[in-house]
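User: I have some questions about how the terms used for a structure are justified. Please take them one at a time.

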Amino acid sequence: MSEEKLHPKQVEPSRHGEDADPASLFEQYGRVSFSLDEKEIATIFMHDMEGQNVFSHAFVEDFLSVLDAVEEIDPRVVILRGLTSTFSGGADKESLMELASGKIVVRDLVISERLINCRFPVISAMEGHAMGGGFVIALCSDIIIASREARYGTVFMNMGFTPGMGTTTLLQGAVGSYIANEMMFTGRRYKGRELAEKSTNINYILPKKEVLAKAADLALQIAEKNPKSVQLLKYSLAAPKKKLLTDARLQEDMMHALSFGYPETKKIIDDLYAG
Ligand SMILES: C/C=C/C(=O)SCCNC(=O)CCNC(=O)[C@H](O)C(C)(C)COP(=O)(O)OP(=O)(O)OC[C@H]1O[C@@H](n2cnc3c(N)ncnc32)[C@H](O)[C@@H]1OP(=O)(O)O
């Protein structure tokens with residue numbers, strides 16, 4: 001991976017032509033960066049050590065800027081990774097408190113929509129913990145690799161409000177409807193190895209040290225296929241997820257309007273947020 005600083009605009013928009021430049025690329029936008037290797041595999045790296053990749057306003061800006069840049073480059077496949085300790089902690093406390101205070105309206109589907117709508121397949125390589133919206137990022141990708149040692153939870157209800165970002169319609173596909181219900185109602189943080197015992201649809205739940213290598217192996221297999229057909233297949237496979245997200249928007253927005261508005265919610269978030 002070259003550390004050379006190039007603005008994405010300096011890169012040809014599509015690298016799929018016969019004369020595509022195979023040069024590798026690295027670009028950093030604050031808390032999130034991406035690299036592109038000679039096989040046209042992009043890796044998006046969420047590395048906000050201080051915030052544990054929570055969705056602060058700044059983090060979301062950085063993440064969306066990286067997605068813009070990666071979309072412009074049009075890689076064959078993307079690996080999405082976080083810190084070894086934490087993939088993503090989901091929404092930050094400040095945003096949740098603002099929502100509960102009625103200062104901002106819920107706009108939590110942006111990241112989910114962008115990931116589902118992108119042209120390339122996305123492999124989420126979750127070495128570390130993923131909570132709430134942080135876990136939903138993986139649900140919006142095409143292939144999920146989790147780690148046996150990390151914890152995964154849809155922890156929304158622990159803080160008095162209902163699940164968001166598409167959780168209510170996307171989680172079933174990954175873990176099955178009854179386990180999804182249990183995860184959402186209880187808000188428990190499950191060890192990856194517990195989920196492995198439950199026979200979910202998560203592609204791989206591996207020892208942490210094997211997660212990135214598995215993602216690289218799968219990405220290479222995808223990158224070897226005709227990129228035009230890969231994009232065609234991605235478009236087709238994403239269609240049902242787009243519909244699920246539309247359904248989620250209807251029900252989750254309504255539930256958020258109510259549950260963030262309950263007078264007790266703000267205090268529960270303040271007391272129990274685990275940042
Ligand atoms: C609209 C969108 C809404 C949302 O996204 S809602 C989600 C909002 N976000 C949050 O609530 C933040 C969630 N953050 C966390 O839970 C924690 O920041 C992390 C798990 C991400 C990291 O925790 P840390 O303590 O820094 O990591 P460790 O040292 O590896 O964990 C030690 C042990 O502590 C457990 N743990 C951490 N927090 C809690 C908690 N609040 N309640 C119960 N257990 C917790 C872990 O799972 C683990 O356990 P073990 O050692 O057995 O593996």
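Analyst: In this predicted model, the shell around the ligand has seven nonpolar, six polar and four charged residues by class.

User: How do you know which residues surround the ligand?

Analyst: A residue counts if one of its heavy atoms lies within 4 Å of the ligand. By that rule 17 residues surround the ligand, and G89, A91, H129, G133 and R151 are the closest.

User: What makes the pair between G89 and the ligand a polar contact?

Analyst: The cut-off is 3.5 Å between N or O atoms. A backbone N or O atom of G89 lies 2.8 Å from a nitrogen atom of the ligand, so the pair is within the cut-off. For K191, an N or O atom of the side chain is 2.9 Å from an oxygen atom of the ligand, so this pair counts as well. The protein buries 66% of the 1,000 Å² that the ligand exposes when taken alone.

User: Why is helix α5 called oblique to α9?

Analyst: Helix α5 (residues 167–175) and helix α9 (residues 227–259) pack at about 135°. Angles over 145 degrees would be roughly antiparallel, and 65 to 115 roughly perpendicular. The angle fits neither range, so α5 is oblique to α9. Their axes are 7 Å apart.

User: Which residues of α5 meet α9?

Analyst: T167, T168, T169 and L170 do, and their partners in α9 include K241, L244 and M255. By class, this contact of α5 with α9 has five nonpolar, four polar and three charged residues.

Methods. Residues are numbered from 1 along each chain as its sequence is written. This is a predicted model: local features need pLDDT of at least 70, side-chain atom pairs count only at pLDDT 80 or more; totals for chains, interfaces and linings use all residues. Side-chain values use heavy atoms; hydrogens and water are left out. A polar contact is a pair of N or O atoms within 3.5 Å; within protein, one must be able to donate a hydrogen and the other to accept it, and residues adjacent in sequence count only if both atoms are side-chain atoms. Accessible areas come from the Shrake-Rupley method with a 1.4 Å probe; for residues, only the protein chains shown count as cover. Ala, Val, Leu, Ile, Met, Phe, Trp, Tyr, Cys and Pro count as nonpolar, Asp, Glu, Lys and Arg as charged, and the others, Gly among them, as polar. Axes are lines fitted to C-alpha atoms, for helices over the stretch in contact, and angles run from 0 to 180 degrees between N-to-C directions. Helices (H or I, at least four residues) and strands (E, at least two) are DSSP runs, numbered from the N terminus. Angles under 35 degrees count as roughly parallel, over 145 as roughly antiparallel, 65 to 115 as roughly perpendicular and the rest as oblique. Contact means heavy atoms within 4.5 Å.
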